Amino acid sequence: METFTATTPSPTIQKDFLPINGTDYVEFYVGNAKQAAHYYQTAFGFEIIAYAGLETGVRDKASYVLKQDKIRFVLTASLTNEGEIAEHVKKHGDGVKVIALWVDDAVKSYNETITRGAKSFFEPRVEKDADGEVIRAGIHTYGETVHVFVERKNYNGIFMPGYKKYNSIVKAEPVGLKFVDHMVGNVGWNEMNTWVKFYEDVMGFKNILSFDDKDISTEYSALMSKVMSGGNGRIKFPINEPAEGKKKSQVEEYLDFYKSQGVQHVAMATDNIIETVYALQSRGIEFLKVPSSYYDTVLDRVGHIDEDLLPLKELGILIDRDDEGYLLQIFSKPVEDRPTLFYEIIQRKGAQSFGKGNFKALFEAIEREQELRGTL
Ligand code: FE2
């Protein structure tokens, strides 16, 4: 049974000043949004639902909105060689720019966080069309990543004002991805506690789990991680910092290639990980593989599970257990040429943790990939 360093809840019950309903959307700045949209549609099973660009009167960028169940991704590319999007892509490659948070009151969310020290990305703005209005406001977080608060209770359109419904000639075939379970940020040396404090003080989050380099180290590399959770638990942001090891850790490799702090992985939940991962693999998504010997002893560690072990072994799905239940998870290889952002597919069966029991096998698998890239 794994043990966790849980933070004791504060005895004084404070009102949540930043209630968040969930992840509203994740926006990526990419080099070519048209092609990226096709990849997320055909490989990950998203439906392209909306579009903004030249044909809708937008002159400087193109955005595709993709949806699968509750997950919404926006892929945005610059139409010019200058400006925030072009500069972002030049520096970081394709990556996450916006983690948008669905709130009931965007102005209050902005004011509460700005009062507590957040740096403004943009002040509250009301966007309207025939389907109603959306209010948004943004603040900065680690690196060049931002949080945008989205209030959409008075909006009935496809996504938000400025976007037109997109009629794809290809019918999306979903793979069973349901919602964003958590999103992980990689921050620089000695920066983790700065960002833990940011999420605590500015956003009212709590540090619910901590892992140090003794939990997360292999022969060569190490990292530290703290999990931050919003007041109602619907938003979880683990934060990683590299730790000293004999060789370069995966977090350092990310920082070298992303050229700053940023989102390392997005974890998407499914109700049937075997079907989801089978579909993703057959459409070309590559996953990290642990040695097959992992499966010789895994049930001794995690005890009884409902699933047959054989398909889990064939697909490379990992298993872990905590006090509340177990979870099944698997990690993709990076989805860009730079070894930066990747995806996790997770099915929770009671467990609310993050797969600590798999860290060692997993990080050894990542190191084998780093070795191939010459970046260990
Ligand atoms: Fe994760």
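Modeller: Donors are N, O and S atoms within 2.8 Å of the metal, and in this predicted model the donor residues of the iron ion follow the spacing H-x82-H-x78-E along the sequence.

Biologist: What makes His182, His265 and Glu344 donors of the iron ion?

Modeller: The atoms concerned, NE2 of His182, NE2 of His265 and OE of Glu344, lie 2.0 to 2.2 Å from the iron ion, and because the cut-off is 2.8 Å, these three residues count as its protein donors. Histidine 265 belongs to strand β14 (residues 262-270) and glutamate 344 to strand β17 (residues 342-349), so this pair ties together parts that are 79 residues apart in sequence. Both histidine 265 and glutamate 344 are buried.

Biologist: Why are β11 and β15 called edge strands?

Modeller: The open sheet of eight strands runs in the order β11-β12-β13-β10-β14-β17-β16-β15, with mixed pairing, and β11 (206-211) and β15 (318-322) each pair on one side only.

Biologist: How do you know that strand β16 pairs with β17?

Modeller: Pairing requires at least two bridges, and five bridges join β16 (residues 325-331) to β17, the two running antiparallel, so the requirement is met. Within this pair, leucine 327 has arginine 348 of β17 as its bridge partner.

Biologist: Why is the largest nonpolar core said to lie between domain 1 and domain 2?

Modeller: Domain 1 (22-165) and domain 2 (177-373) both give residues to this core, so it lies between them. The core has 94 residues, of which Phe28, Phe44, Phe73, Met203 and Met268 touch the most other members.

Definitions and conventions: Residues are numbered from 1 along each chain as its sequence is written. This is a predicted model: local features need pLDDT of at least 70, side-chain atom pairs count only at pLDDT 80 or more; totals for chains, interfaces and linings use all residues. Side-chain values use heavy atoms; hydrogens and water are left out. Donors are N, O and S atoms within 2.8 Å of the metal (3.2 Å for Na, K and Ca); water is not among the atoms, so sites may look incomplete. Helices (H or I, at least four residues) and strands (E, at least two) are DSSP runs, numbered from the N terminus. Buried means under 20% relative accessible area, exposed over 50%, partly exposed in between (1.4 Å probe, protein chains only). A nonpolar core is a set of buried Ala, Val, Leu, Ile, Met, Phe, Trp, Tyr and Cys residues joined through side-chain atoms within 4.5 Å. Domain bounds come from an automatic or database domain assignment.
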